[in-house]
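Trainee: Got a minute? I'd like to go through this one with you before lunch.
Mentor: Sure, put it up and ask away.

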Amino acid sequence: MLENDVVVEVAKKHRKTPAQVLLRFFVQNGVSVIPKSTNPQRLMENIRIFDFELDPEDVRALRSQDAGEGGRIVRFLFFPGITEHPEYPFPIQF
Ligand SMILES: NC(=O)c1ccc[n+]([C@@H]2O[C@H](COP(=O)([O-])OP(=O)(O)OC[C@H]3O[C@@H](n4cnc5c(N)ncnc54)[C@H](OP(=O)(O)O)[C@@H]3O)[C@@H](O)[C@H]2O)c1
């Protein structure tokens, strides 16, 4: 996704990097992201996503790039009775 044409275009528009656009996309849509880097410059880059906002058309364009692979969501259904637990966090449909 770092080389995706739409991501690169949105990044140019906001003078940010593709990684910052992707991180901002998730955070702005209420999804927590845990970026990991061993590179000090990229660590700084990854936190500098709170000084810009993606426009609705950016969000639409980025959303349309969903490859449908589903990401890595774990529902923990292998724990017996998990869905009856009052704090089971996934009552919504995916
Ligand atoms: N994966 C899991 O299932 C899992 C589960 C629980 C917790 N975690 C935690 O979640 C964090 C992330 O895990 P992960 O598996 O997603 O990490 P990862 O795949 O090991 O590392 C992230 C990759 O993104 C690169 N990267 C980071 N910032 C970038 C940037 N701005 N531009 C371009 N490339 C960038 C890093 O390269 P450089 O280092 O060279 O920047 C690294 O190759 C870790 O702290 C991990 O312990 C992961």
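Trainee: Okay, basics. How many helices and strands are there in the chain?
Mentor: The chain has 4 helices and 0 strands. Keep in mind that this is a predicted model.

Trainee: And in what order do the elements run from the N terminus?
Mentor: They go α-α-α-α.

Trainee: How much of the chain counts as buried?
Mentor: Of its 94 residues, 24% count as buried.

Trainee: Let's do salt bridges. How many turn up in the whole structure?
Mentor: A search of the whole structure gives 5. Take Lys13 and Asp55: they form one, with the closest N and O atoms 2.9 Å apart. That pair links distant parts of the chain, as Lys13 is in helix α1 (residues 5-14) and Asp55 in the loop between α3 and α4, 42 residues apart.

Trainee: Are those two buried, partly exposed or exposed?
Mentor: Lys13 is partly exposed, with a relative accessible area of 44%. Asp55 counts as partly exposed too, at 26% relative accessibility.

Trainee: Which salt bridge does the side chain of Lys13 make with helix α4?
Mentor: The side chain of Lys13 meets that of Glu57 in a salt bridge, 3.7 Å from N to O. Lys13 lies in helix α1 and Glu57 in helix α4, so this pair ties together parts that are 44 residues apart in sequence. As for exposure, Glu57 has a relative accessible area of 42%, which means it is partly exposed.

Trainee: What about Lys16, which residue does its side chain meet in a salt bridge?
Mentor: That would be Asp51, at 2.9 Å from N to O. Here the link runs from loop to loop: Lys16 sits between α1 and α2, Asp51 between α3 and α4, so parts 35 residues apart in sequence are tied together.

Trainee: And how do Lys16 and Asp51 come out, buried or exposed?
Mentor: One of each. Lys16 is buried because its relative accessible area is 18%, and buried means under 20%. Asp51 counts as exposed, at 55% relative accessibility.

Trainee: Which residues do salt bridges with shared partners join into one network?
Mentor: Lys13, Asp55, Glu57 and Asp58 make up that network.

Trainee: Back to Lys16 for a second. How far is Lys16 from Arg48, in sequence and in space?
Mentor: Lys16 and Arg48 are 32 residues apart in sequence, and their C-alpha atoms are 9.2 Å apart in space.

Trainee: I was looking at the backbone as well. What is the phi of Arg15?
Mentor: Arg15 has a positive phi of about 55 degrees, although it is not a glycine. You'll find Arg15 in the loop between α1 and α2, the loop that also holds Lys16.

Trainee: Is the side of things any different for exposure? I mean, is Arg15 buried or exposed?
Mentor: Arg15 counts as exposed, at 77% relative accessibility.

Trainee: New topic: the surface. Which residues form the nonpolar patch there?
Mentor: The patch is formed by Phe26, Val27, Val31, Val33, Met44, Ile47 and Phe50, and together they have about 590 Å² of accessible area. The elements that give two or more residues to the patch are α2 and α3.

Trainee: Where is Phe50, then?
Mentor: Phe50 is in the loop between α3 and α4 (56-63). Phe50 is exposed, with a relative accessible area of 57%.

Trainee: Last thing, pockets. How much space lies in the second largest pocket?
Mentor: About 280 Å³. Its lining has 13 residues, and those nearest the centre are Leu2, Ala19, Leu23, Pro35 and Asn46.

Trainee: Which elements supply at least two residues of that lining?
Mentor: α2 (18-28) and α3 (40-47) each do. The most comes from α2, with 4 residues.

Trainee: And what does the lining look like by class?
Mentor: There are 8 nonpolar, 2 polar and 3 charged residues in the lining of the second largest pocket.

Trainee: So what should I look at in both the patch and the pocket?
Mentor: Start with α2 and α3. Both give two or more residues to the nonpolar patch, and each supplies at least two residues of the lining of the second largest pocket.

Definitions and conventions. Residues are numbered from 1 along each chain as its sequence is written. This is a predicted model: local features need pLDDT of at least 70, side-chain atom pairs count only at pLDDT 80 or more; totals for chains, interfaces and linings use all residues. Side-chain values use heavy atoms; hydrogens and water are left out. On a 1 Å grid over the protein atoms alone, a cavity is a set of points where a 1.4 Å probe fits but cannot get out, and a pocket is an open set with protein on both sides within 12 Å along at least five of seven lines; lining residues have an atom within 4 Å of a point. Grid points are joined across faces, edges and corners, and a volume is the space filled by probe spheres set on the points. Ala, Val, Leu, Ile, Met, Phe, Trp, Tyr, Cys and Pro count as nonpolar, Asp, Glu, Lys and Arg as charged, and the others, Gly among them, as polar. Patches are made of residues with over 30% relative accessible area and no salt bridge: like charges are joined within 9 Å, nonpolar side chains (Val, Leu, Ile, Met, Phe, Trp, Tyr) within 5 Å. Accessible areas come from the Shrake-Rupley method with a 1.4 Å probe; for residues, only the protein chains shown count as cover. A salt bridge is a side-chain nitrogen of Lys or Arg within 4 Å of a carboxyl oxygen of Asp or Glu. Buried means under 20% relative accessible area, exposed over 50%, partly exposed in between (1.4 Å probe, protein chains only).
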